[in-house]
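Visitor: I'm new to this one. Could you pick a single part, take me through it slowly, and then show me how it sits in the rest?

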Amino acid sequence: MTFRSSPIPPGVLTVGAVTFTVFAWASAFVSIRSAGAAYSPGALALGRLLAASLVLGVLLLIRRQGLPPREAWRGILISGVVWFCGYTVALNWGERLVDAGTASLLVNTGPVLMALLAARLLGEALPPRLLGGMAVSFVGAAVVGLSMSTGDGGSTSLLGVLLCLLAAMAYATGVIAQKPALSYGTPLQITAYSCVVGAAVCLPFTGRLLDELPRAPLSATLNMVYLGVVPTALAFTTWTYALARMPAGRLGATTYAVPAIVVLLSWALLGEVPAWLTLLGGLLCLAGVAVSRYAPRNRTPRTPVDGPSPAPKREVSGVHDKGATG
């Protein structure tokens, strides 16, 4: 999963990793709704993380990757507790109290928080094109959320709103914690051990999982396993691979494509024909991602005809820029 020996250009691999992650995370919303009918939020989170930990453990053995360096563990622990455990439980619980459209809208505040935290804590730039693209995508996510809302008076609760906002904050915090850790460990290591930490924190829900497992329909259990294998084990690994090679704020903006892909998947797989307002919101999400991802090519500076050449910069011995990227 580290792709180090692949003949494919790194840029292509990064785009492929982001694309797979976005599609996998979009499919997770459908699976959470299905499995959440039979499993409580904590039990579903524990089952998902246990399945993911098993798959990631096998991948670690295959790749012969052991423990990450000590410097990576701070980010691993924060990410495991806050993102893998906290985000998963909060989102599972929140989707039981609010409709899917509202949940999608609230969770999509995460990339905005991520960009702000990355600028404050990691020193990443906030170029106008990124901010503009995120604004367009956020409007699109709001349109999708409003168009998919049930409109029932009791469909949205204050607790559900707060839980979805808490999930968004946990998502942004987990990503920012992972970024420095990727300077020391591989994407597979950071993902695997973060997942194990998250599963360990969820162990108090073991009794609920054991009680609900025999009574749950097979489809709900399969959805729980799918959540662990694809959106968690595989997609989180491809996410960390891309995070090691991109600024956190710019990568976070790509997840605004999730609502649009959810609409398309529901249309293709479930036969749910979206309304024109939903399609418009989806197009705005994708347009915003395209704007935030666009990077104009730098023009080659012209060599001056006259005038002395600038003096070469002196290198300071012993000083190296270690940066946050891996």
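**A close look at helix H2 and its surroundings**

Guide: Let's start with Ile 62, which is exposed, with a relative accessible area of 60%. Keep in mind that you're looking at a predicted model. Ile 62 belongs to helix H2, and it has company out there: together with Leu 54 and Val 58 it makes up a nonpolar patch on the surface. The accessible area of Leu 54, Val 58 and Ile 62 together is about 310 Å². In general, nonpolar side chains in soluble globular proteins tend to be buried together.

Now slide along to Ser 53, also part of helix H2, which covers residues 41–63. Ser 53 counts as buried because its relative accessibility is 17%, and the cut-off for buried is under 20%. What does its side chain reach? It goes to the backbone oxygen of Leu 49, at 2.8 Å. If you set aside the neighbours within four places in sequence, Ser 53 is in contact with Cys 195, Val 196 and Ala 199. So this helix offers both cases: Ser 53 is buried, while Ile 62 is exposed.

Step past the end of the helix and you come to Arg 64, in the loop between H2 and helix H3 (73–97). Arg 64 is exposed, at 78% relative accessible area. Its backbone has a quirk too: phi is near 55°, a positive value in a residue other than glycine. For comparison, most residues other than glycine have a negative phi.

Carry on into the chain and you'll meet Trp 83. The largest nonpolar core has 65 residues, and Trp 83, Tyr 87 and Trp 239 are the ones that touch the most other members. Helix H10 (residues 218–243) gives the most to this core, with 10 residues. Leaving out neighbours within four places in sequence, the contacts of Trp 83 include Trp 25, Ala 170, Tyr 171, Phe 236 and Trp 239. Notice that Trp 239 turns up twice: it is in contact with Trp 83, and it is named with Trp 83 and Tyr 87 as touching the most other core members.

There are charged pairs to visit as well. The count comes to two salt bridges. In one of them, Glu 212 pairs with Arg 208, and the closest N and O atoms are 3.3 Å apart. Both residues lie in helix H9 (residues 206–212), four residues apart, about one turn of the helix. Glu 212 is buried, at 6% relative accessibility, whereas Arg 208 is partly exposed, at 45%. In another, Arg 215 pairs with Asp 211, with 2.9 Å between the closest N and O atoms. Here Arg 215 is exposed, with a relative accessible area of 61%, and Asp 211 is partly exposed, at 43%.

Finally, step back to the whole chain. It has 13 helices and zero strands. Of its 326 residues, 49% are buried. Look at contacts between residues at least 6 apart in sequence, and 91% of them join residues at least 24 apart. As for the outside, the chain exposes about 16,500 Å², and carbon and sulfur atoms supply 67% of that.

Notes: Residues are numbered from 1 along each chain as its sequence is written. This is a predicted model: local features need pLDDT of at least 70, side-chain atom pairs count only at pLDDT 80 or more; totals for chains, interfaces and linings use all residues. Side-chain values use heavy atoms; hydrogens and water are left out. Helices (H or I, at least four residues) and strands (E, at least two) are DSSP runs, numbered from the N terminus. Buried means under 20% relative accessible area, exposed over 50%, partly exposed in between (1.4 Å probe, protein chains only). A polar contact is a pair of N or O atoms within 3.5 Å; within protein, one must be able to donate a hydrogen and the other to accept it, and residues adjacent in sequence count only if both atoms are side-chain atoms. Contact means heavy atoms within 4.5 Å. Patches are made of residues with over 30% relative accessible area and no salt bridge: like charges are joined within 9 Å, nonpolar side chains (Val, Leu, Ile, Met, Phe, Trp, Tyr) within 5 Å. Accessible areas come from the Shrake-Rupley method with a 1.4 Å probe; for residues, only the protein chains shown count as cover. A salt bridge is a side-chain nitrogen of Lys or Arg within 4 Å of a carboxyl oxygen of Asp or Glu. A nonpolar core is a set of buried Ala, Val, Leu, Ile, Met, Phe, Trp, Tyr and Cys residues joined through side-chain atoms within 4.5 Å.
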